[in-house]
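Thanks for coming, everyone. I have one structure to walk through today. Please bring it up on your screens.

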Amino acid sequence: MQCNISRVRNVLGSEPTTAVTGRSSAMRRWLKLEPRRRVLSLALQGGGSFGAFTWGVLDRLLESDRVAFDAISGTSAGAVNAVVLANGLAQGGPAEARRQLEHLWKRLSRAAPLASLGAATATSAALELSTRVISPYQFNPLGVNMLRDILMAEVDFARLRKASPVRLLIAATRVTDGRLRLFREHEISVEAVLASACLPQLHHAVEIEGEWYWDGAFSANPPLRQLVVDSKTSDIVLVQISPEQQDGVPRLSSQIARRAAQIAFNSPLQKEMEALDDMRALCKEAGFFRPAVCRKLERLRLHRIVAEDSIDGLNHASALRLDWGFLSDLKQSGYAAAAQWLAGPKARRGPRQSGKARAYGT
């Protein structure tokens, strides 16, 4: 019995679980206004400009008067969406969060090279090619990052550290050993978000407290197991934007590089899903004296909103594209997918198979 309990904890992973504090006064006021809100935790995957799909999902969830949020984990673009969402909720509630998310993505599009000239597809293709030949320490020796200026202008990090309306788990990967680092809401900073979104082919590594970090997608994309442990709610919505499926074998070097990146950035999520399966199986063997995490897993409803289910050809698109037409299409697809999820009770009943990974709900 004790052996099974220890195995459950080992599968859970080594990331420490901090004490869950009470919700901020802003969140309590929000929930008090609408006692029938359904509380969700969100797991937001990274995937470059495909994060505009997540923006659409969040826009629809924020529009609903039946939804509130407990905790949000995010990686890369998911981390950016998460902190802007939290900032908007802190400053004015759901309507302000929707406004700030739209403003963020418009700023990202305007800042993209040549996007306003309609050359975004060619630019992103050229950028993908150049990053396989030239290091960012060569083509960008000063380490200029447009995202830093945008985040500094959009997000009040000091306010979030003091009183975030939602709990945050932002993933980054330590360069020295490849291990996951989770930044909580009381640790959140512009450096933490930049570290989470630091593709080493494009940006210099980000230093925080003497450690160097790369994109969180290498280690947790997004953090799922720890979110399950930390969440007070049993409903977790995973927004998955990095394409999993591929028809045929890529043959051009650009296609090979893109597919290899998709596999690499989906692998941590697939492993976390398998770990949840292992945890559930071990919990069944734990008997009456099973740990609290087992009781939580029994109540868990893990829902998935998957971008490639809504967008044809996403696996062939570049995650570096930031032209407004492309981002708008992604946003509209995310909005429609979230609306369908909210309207579809059958999609939220019981386990189903999704590819080779088991999900609980949809």
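In which strand is S41 found? S41 sits in strand 1, which runs over residues 38-44. Before I go further, a caution: this is a predicted model.

Let's stay with S41 for a moment. Its relative accessible area is 0%. The cut-off for buried is under 20%, so S41 counts as buried. What does its side chain pair with? The side chains of S41 and S231 are joined by a polar contact of 2.9 Å. S231 also appears in the wider contact list of S41. Leaving out residues up to four places away in sequence, S41 touches D70, A71, L227, S231, T233, D235, I236 and V237.

Now the overall picture. The protein has 362 residues, and 54% of them count as buried. There are 14 helices and 10 strands. About 16,700 Å² is exposed, with carbon and sulfur atoms supplying 53% of that area. Contacts reach far along the chain. Take contacts between residues at least 6 apart in sequence: 78% of them join residues at least 24 apart.

Next, the nonpolar interior. Which residues of the largest nonpolar core touch the most other members? They are L42, F53, L61, F69, V83, L85 and L151, out of 67 residues in that core. Helix 4 gives the largest share of this core, nine residues. Another core lies apart from it. That one has 22 residues, among them L182, L276, V293 and L297.

Back to F53, from the largest core. Set aside residues up to four places away in sequence. F53 then touches V239, I241, I305, V306, A307, S310, I311, L330, K331, S333, G334 and A337.

On to helix 4, residues 77-92, and a glycine in it, G88. Is G88 buried or exposed? G88 is buried, because its relative accessibility is 0%. What does G88 contact beyond its sequence neighbours within four places? The partners are G93, E96, A97 and Q100. R98 is 10 residues from G88 along the chain, and their C-alpha atoms are separated by 7.4 Å.

Three of those G88 partners, E96, A97 and Q100, bring us to helix 5, where they are among the buried residues. The full buried set of helix 5 is P94, E96, A97, Q100, L101, L104, W105, L108 and S109. Look at the spacing in that list. An α-helix has 3.6 residues a turn, so residues three or four places apart point the same way. Helix 5 covers residues 94-111. What about its length? At 1.5 Å a residue, its 18 residues should span 26 Å, and the end C-alpha atoms are 26 Å apart, so the two agree.

Now the cysteines. How many disulfides does a search of the whole structure find? The search finds one. The disulfide is formed by C283 and C294, with sulfur atoms 2.0 Å apart. The torsion about the S-S bond is about -80°, so this disulfide is left-handed. C283 lies in helix 12, residues 253-286, and C294 lies in helix 13, residues 292-299, so the pair ties together parts that are 11 residues apart in sequence. Both cysteines of the pair are buried. A further cysteine, C198, is at 1% relative accessibility, so C198 counts as buried too.

Last topic: backbone geometry. Most residues other than glycine have a negative phi, and most peptide bonds are trans. Here are some exceptions to check on your screens.

Start with the peptide bond from N221 to P222. That bond is cis, with omega near 0°. P222 is in the loop between strand 6, residues 211-215, and helix 11, residues 225-230.

Then phi. S76 has a positive phi, near 55°. S76 lies in the loop between strand 2, residues 67-75, and helix 4. E209 also has a positive phi, near 55°. E209 lies in the loop between strand 5, residues 206-208, and strand 6.

Buried or exposed, for these two? S76 has a relative accessible area of 9%, so S76 is buried. E209 has 72%, so E209 is exposed.

That's my walk-through. Questions, please.

Key
Residues are numbered from 1 along each chain as its sequence is written. This is a predicted model: local features need pLDDT of at least 70, side-chain atom pairs count only at pLDDT 80 or more; totals for chains, interfaces and linings use all residues. Side-chain values use heavy atoms; hydrogens and water are left out. Helices (H or I, at least four residues) and strands (E, at least two) are DSSP runs, numbered from the N terminus. Buried means under 20% relative accessible area, exposed over 50%, partly exposed in between (1.4 Å probe, protein chains only). A polar contact is a pair of N or O atoms within 3.5 Å; within protein, one must be able to donate a hydrogen and the other to accept it, and residues adjacent in sequence count only if both atoms are side-chain atoms. Contact means heavy atoms within 4.5 Å. A nonpolar core is a set of buried Ala, Val, Leu, Ile, Met, Phe, Trp, Tyr and Cys residues joined through side-chain atoms within 4.5 Å. A disulfide is a pair of cysteine sulfur atoms within 2.5 Å. The expected span of a helix is 1.5 Å times one less than its number of residues. Accessible areas come from the Shrake-Rupley method with a 1.4 Å probe; for residues, only the protein chains shown count as cover.
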